[in-house]
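Reader: I am new to reading protein models. Please take me through one, feature by feature.

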Amino acid sequence: MVIREASHVDWQDIYPFFRSIVDKGETYAYPADLSVQEAEHLWMERPPGLTVVAVQGDVIVGSAKMGPNRPGRGSHVATASFMVHPDHQGQSVGRSLGNYVLAWARERGYRSIQFNAVVETNVAAVQLWRSLGFTILTTIPEAFDHPEQGLVGLHVMHMTLGER
Ligand SMILES: CC(C)(COP(=O)(O)OP(=O)(O)OC[C@H]1O[C@@H](n2cnc3c(N)ncnc32)[C@H](O)[C@@H]1OP(=O)(O)O)[C@@H](O)C(=O)NCCC(=O)NCCS
C-alpha cells in the first residue's frame, strides 16, 4: 500500500466513501447535506495542511487529512481526520494512515497532536488511537447525537510528540 498526497482528481474516488461514512452518522459531526464541492473543500486541505490517500494497486482505500489544530498561537498542535473505505476497514489501512500522520507531524516539528471529537462508541478508532499512543484527556458528555445510541460522549484525545 502506498500513501501519497491527494489530488483534485482523487476526490471522485474519495467522495463515495466520505459520503457513506458521513451518511451512516456514527463517527463524524459533519452536516448531512454537504454538496460534493462543500465536502471537497472540507476534506481536501490546503497548505500548511495536507490530505493523503492510501492506495492499493490502483484503488483508493482510505484518506486522511492533517494540519494545525488552531491557527497562529495554537499552530504547534496538529490534528487529523481519517476515513477508510468500508470495504477495506479492519485491514490495517487506518493504522498505516495514523502512523503516516504521526511521522508527518513529527517531521514538521509539531509539539503534540490532538483529536478533538472522537465518538466514544467508535471502538475501532478509540482502540487504534490508544494503540498509537494517544490518551483520552476528557470526554465531553452527550456531545454527539448517535443515530442508534442517542447522546454519547466525544473524547478529546492527545499525544505529545516532543520538544520543539
Ligand atoms: C476508524 C478507522 C479509521 C480505523 O481504520 P481501519 O483500517 O478500519 O483499522 P485498522 O485495520 O488499521 O485497525 C487498527 C486497530 O484498530 C482497532 N480496531 C479496528 N477495527 C476494530 C473493531 N471493529 N473493533 C475493535 N477494534 C478495532 C484495533 O486495535 C486494530 O488493531 P490491530 O490491527 O492490532 O487489530 C476506520 O474504521 C474508519 O474509517 N472508520 C469510519 C470513520 C472513522 O471512524 N474515522 C475516525 C474518526 S476519529
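Author: Start with pairing: two strands pair if DSSP finds at least two bridges between them. Helices (H or I, at least four residues) and strands (E, at least two) are DSSP runs, numbered from the N terminus. Here, strand 3 (residues 59-68) and strand 4 run antiparallel, joined by seven bridges. One bridge links Ala 64 to Phe 82 in strand 4.

Reader: What kind of model is this, and how are residues numbered?

Author: Residues are numbered from 1 along each chain as its sequence is written. The model is predicted: local features need pLDDT of at least 70, side-chain atom pairs count only at pLDDT 80 or more, and totals for chains, interfaces and linings use all residues.

Reader: How many strands form the sheet, and in which order?

Author: Seven strands form an open sheet, in the order 1-2-3-4-5-7-6, with mixed pairing. Strand 1 (2-5) and strand 6 (135-146) are the edge strands, and each pairs on one side only. From one strand to the next, the twist averages 25°. Angles run from 0 to 180 degrees between N-to-C directions, and axes are lines fitted to C-alpha atoms, for helices over the stretch in contact.

Reader: Which helices pack on the sheet?

Author: First, the term contact: two residues are in contact if their C-beta atoms, placed from the backbone, lie within 7 Å. Helix 3 packs on the sheet and touches strand 1, strand 2 (50-56), strand 3, strand 4 and strand 5. The direction of helix 3 makes about 30° with that of strand 3. Helix 4 also packs on the sheet, touching strand 5 and strand 7 (150-160). The direction of helix 4 makes about 160° with that of strand 5.

Reader: What does strand 7 pair with?

Author: Strand 5 and strand 7 pair in the antiparallel sense, over six bridges. Ile 113 has Met 159 of strand 7 as its bridge partner. Strand 6 and strand 7 are also antiparallel, with eight bridges. There, Ile 136 has Met 157 of strand 7 as its bridge partner. Strand 6 and strand 7 form a hairpin, with three residues between them.

Reader: How do I read burial? Is Leu 102 buried or exposed?

Author: Count C-beta atoms, placed from the backbone. A residue is buried if 20 or more others lie within 10 Å of its own, exposed if 12 or fewer, and partly exposed in between. Leu 102 sits in helix 3. Leu 102 counts as buried because it has 20 C-beta neighbours inside 10 Å. Beyond its neighbours within four places in sequence, Leu 102 is in contact with Ile 113 and Leu 132.

Reader: Where do buried nonpolar residues gather?

Author: In soluble globular proteins, nonpolar side chains tend to be buried together. A nonpolar core is a set of buried Ala, Val, Leu, Ile, Met, Phe, Trp, Tyr and Cys residues joined through C-beta atoms within 7 Å. The largest core here has 27 residues. Those with the most contacts inside it are Ile 14, Ala 64, Ala 80, Leu 97, Val 101 and Ala 105. Helix 1 (11-24), strand 2, strand 3, strand 4 and helix 3 each give two or more residues to this core. Apart from it lies another core, of nine residues, including Phe 115 and Met 157.

Reader: Which residues come nearest the ligand?

Author: A residue is near a molecule if its C-beta atom, placed from the backbone, lies within 6 Å of it. There are 21 residues around the ligand, and Gln 89, Gly 94, Arg 95, Ala 124 and Leu 128 come nearest. Strand 4 (77-84), helix 3 (93-107), strand 5 (112-119) and helix 4 (123-132) each give two or more residues to this shell. Helix 4 gives the largest share, six residues.

Reader: Which backbone features are unusual to a beginner's eye?

Author: Look at the peptide bond between Pro 47 and Pro 48: it is cis, with omega about 10°. Pro 48 lies in the loop between helix 2 (36-43) and strand 2. Next, look at phi. For Ser 92, phi is near 75°, a positive value in a residue other than glycine. Ser 92 is in the loop between strand 4 and helix 3. Glu 142, in strand 6, has a positive phi too, near 55°.

Reader: Why does Glu 142 count as exposed?

Author: Glu 142 is exposed because 11 other C-beta atoms lie within 10 Å. Ser 92 has 15 within 10 Å, so Ser 92 is partly exposed.
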